[in-house]
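Visitor: I'd like a close look at one part of this model, please: its nonpolar interior. Could you take me through that, and then work outward to whatever else helps me place it?

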Amino acid sequence: MMLRLAFGSLRARALTVTMTVLAIALSVALFLGVEKVRTGAKASFADTISGTDLIVGARSGSVQLLLYSVFRIGNATNNVTWQSYQDIAARPEVDWIVPISLGDSHRQFRVMGTTPAFFDRYKYRRDRGLELGDGAIMNDLFDAVIGSDVAATLGYAVDDPIVVAHGLASFTEHKDQPFRISGILKKTGTPVDRTVIVSMEAIEAIHVDWQNGAQIPGQSTPVEVIRQMDLTPKAVTAALVGVESPLQTFALQRAINTYPEEPLLAVLPGVALQELWGIVGIAETALLGVSAMVVVTALLGLMATIFSSLNERRREMAIFRAMGARPRTIMALLVLEAVLTSAAGAILGVAFLYLGLMIAQPMIDSAYGLWLPIDAPSTREALVLLGVVAAGAIVSMVPALRAYRLSVADGMMVRT
Amino acid sequence: MTDGTPILHMKDVRFQWPGRASFSLEVPSFEAGRGEKVLLLGESGSGKSTLLSLICGTIAADAGDVTIDGTRLSDLSGGARDQFRAETIGVIFQQFNLLPFGSVVDNILLPLRFAPERRARVSDARAEAAALSLALGLPDVQTAKAATLSVGQQQRVAVARALIGRPPLIIADEPTSALDANSQAAFLDLLFDQVRAHDTTLLIVSHDARLGERFDRVVQMADIARTTERAA
């Protein structure tokens, strides 16, 4: 009966209670959402590249190397000469090596030159490899394989022509040498989805008429001539390396880092990923902190609502008192209401979260390559929800104590 | 109908509102016998509300005894007084008696929630609530929200609530002042019928001397209580 009366009392103040519940629900959804993004991002992150033992590039920072070689974010400060690349490839520890050449773009997507071995060697989420959804890998010099996001965003199909632009946000295009899409990869949730992959030779080919980053005026070598040229790359941006035995990884890393001919850097992807996460993680923690503050704000709102309802409810409290309710029963009633309110907010917040996830999951996946799994709330999340309800009870203690004092002072008579 | 031991007995009671030095109340002696119907007449400011609070035990006398049904309230702790009030006294206010969001039956059963002995006296609480409603001429409104009732109906629901579980004493504070003259008479008829049927002591506080003829005894507030009111 007390529960029914508490419900009735809440229903009587439906509007303010609804607003409070909504505020709590939104804050809970935000908090859990940030938590989801955080764990999802971490998992996605760690799963971006696997099976590669070392990433090699020009000497810079390990995070920077990881960012441009794997995430296609930012640029290489320098390239690795073809000579150095071949030296590394020739080392006995090296099982396989895949070159990567970056620097051009198609629309908002990066173009990456590599060898067909990339399709066998690049692994993500432990041991998943790249699969073609349609078409085949590059066969001709001017063939391109595109990631699923590229195809979906630009509406491309196999055999469509595409023109590669020089640089990343450039209006200069390599119009003279249009490419043909030979294949479209299946979705991976990695940066590969947003990449246009061409052969190493193709990267050389489109730069035949270019020097120092600018097109040589008036010069336009016909495609037939280019096909006859020696298109051995002069440099690579980075390389993915697999070693014969994991034990040799560190020896090879040291050898590359101390390579005398050129300043190079070799990083362990896992270590660099963790380092990168350390940087990104701070922002995530800050975001989590902010959303925790939002939850606190919503709970303070709950407290304010109870406070402001106290005056109009003095009559109600007097009735309870006259019927023989102790002041602490009245206090308990207010706390019960707060618990019901915050529980409703927490449940609605979870509903908001899942609704939001269902709507936003494909969008976040395609926009950020971030896969947020929709699964039952984790123990941690359940604890957060319980915490919200408990905090609701605790903050309601303050107005409840005031109600206690009021009902002791008022007794059955309300003096207004 | 009155027997030897009074249901209510007050002796040398003094009370001063804490923090408010300006108002104090003294009741040298006041009694109500079992089954007696007493009208306590007094203007506003005569200490009626304070007197009722003392009888109900929501405030404790600074000195003297308030004895109800053989129990000295000063012997009880605050919580025990609340429980005792729930068991012993039915209270009817001037108006706004009911929890507006509760149904009629919720409101009638409310005191039983705090009074296990009263609850035990009623074998089927809902049937009892329905019977009282019927006797008080309430239409079939058990599940209606109290806020949807007219003032007259609300006052009758308050009577049903005061009577359920047969507490020995019913206290009413200006129960008719919110009603028009016709409704007042009808309301008092119903109230007296029920109080007589349940053999309950009735103490009504009012400023309206015209109600007097129905009561066994009419007491002027000024005759039993002294109030002092000084400018603070």
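Guide: The largest nonpolar core of this predicted model has 82 residues. The residues with the most contacts inside this core are A:Phe320, B:Leu8, B:Met10 and B:Phe30, so names from chain A and from chain B stand side by side in that short list. Helix α12 of chain A, residues 327-368, gives the core its largest share, with 12 residues. As background, nonpolar side chains tend to be buried together in soluble globular proteins.

Take B:Leu8 as a way in. Setting aside neighbours within four places in sequence, B:Leu8 is in contact with B:Phe30, B:Glu31 and B:Ala32, and also with B:Ile55, B:Val66, B:Thr67, B:Ile68 and B:Leu203. Apart from the core of 82 residues lies another one, of 37 residues; B:Leu41, B:Val104, B:Leu132 and B:Leu138 are among its members.

B:Leu8 also belongs to a strand worth a glance, since strand β1 of chain B covers residues 8-16. Further along this strand is B:Asp12, whose phi is near 50 degrees, a positive value in a residue other than glycine. Most residues other than glycine have a negative phi. B:Asp12 is partly exposed, because its relative accessible area is 46%.

Chain A offers a companion case. A:Arg107 has a phi near 50 degrees, again positive in a residue other than glycine. A:Arg107 sits in the loop between β3 and β4 (109-114) of chain A, and with a relative accessible area of 55% it is exposed.

Staying with chain B a little longer, look at B:Gln155 in helix α6, residues 151-163. This residue counts as buried, with a relative accessibility of 1%. Leaving out neighbours within four places in sequence, B:Gln155 is in contact with B:Ile92, B:Phe93, B:Gln94, B:Gln95 and B:Asn97, and with B:Pro175, B:Leu179 and B:Phe187 as well.

For the wider setting, here are the two chains in turn. Chain B has eight helices and 10 strands, and 54% of its 232 residues are buried. Of the contacts in chain B with a separation of 6 or more, 76% are between residues 24 or more positions apart. Chain A has 13 helices and 17 strands, with buried residues making up 51% of its 416 residues. In chain A, 78% of the contacts between residues at least 6 apart in sequence join residues at least 24 apart.

A short helix of chain A shows burial on a local scale. Six of the eight residues of α3(A) are buried, so this helix is largely enclosed by the rest of the structure. The buried ones are A:Ser62, A:Val63, A:Leu65, A:Leu66, A:Tyr68 and A:Ser69. They pack against β1 (54-58), β3 (94-106), β16 (238-243), β17 (264-267) and α10 of chain A.

The last of those partners deserves its own view. Helix α3 (residues 62-69) and helix α10 (residues 269-312) of chain A pack at an angle of about 100 degrees, with their axes 9 Å apart. The two helices are therefore roughly perpendicular to each other. On the α3(A) side, the residues that meet α10(A) are A:Ser62, A:Val63, A:Leu66 and A:Leu67. On the α10(A) side, they are A:Pro269, A:Ala272, A:Leu273, A:Glu275, A:Leu276 and A:Ile279. Together, the residues of this contact divide into eight nonpolar, one polar and one charged.

Two arginines of chain A round off the tour. A:Arg13 is found in the loop between α1 (2-12) and α2 (14-46), and is buried, with a relative accessible area of 15%. Its side chain makes a polar contact of 2.7 Å with the side chain of A:Glu337. Not counting residues up to four places away in sequence, A:Arg13 touches A:Ser309, A:Glu312, A:Arg313 and A:Glu337.

The other arginine, A:Arg121, lies in helix α5, residues 117-121. A:Arg121 counts as partly exposed, at 32% relative accessibility. Again leaving out residues up to four places away, A:Arg121 touches A:Ser50, A:Trp96 and A:Val98. A:Arg121 and A:Leu240 are 119 residues apart in sequence, and their C-alpha atoms are 8.5 Å apart in space.

Key. Residues numbered from 1 in each chain as written. Chains lettered and ligands numbered in written order. Predicted model: local features only at pLDDT ≥ 70, side-chain atom pairs only at ≥ 80, totals over all residues. Heavy atoms only, no water. Axes fitted to C-alpha atoms, helices over the stretch in contact; angles between N-to-C directions. Helix = DSSP H or I, 4+ residues; strand = E, 2+ residues; numbered from the N terminus. Parallel < 35°, antiparallel > 145°, perpendicular 65-115°, else oblique. Contact = heavy atoms within 4.5 Å. Nonpolar A, V, L, I, M, F, W, Y, C, P; charged D, E, K, R; others polar. Buried < 20%, exposed > 50% of the residue type's maximum accessible area, 1.4 Å probe, protein only. Polar contact = N/O pair within 3.5 Å; in protein donor to acceptor, adjacent residues only side chain to side chain. Core = buried A, V, L, I, M, F, W, Y, C linked by side-chain atoms within 4.5 Å.
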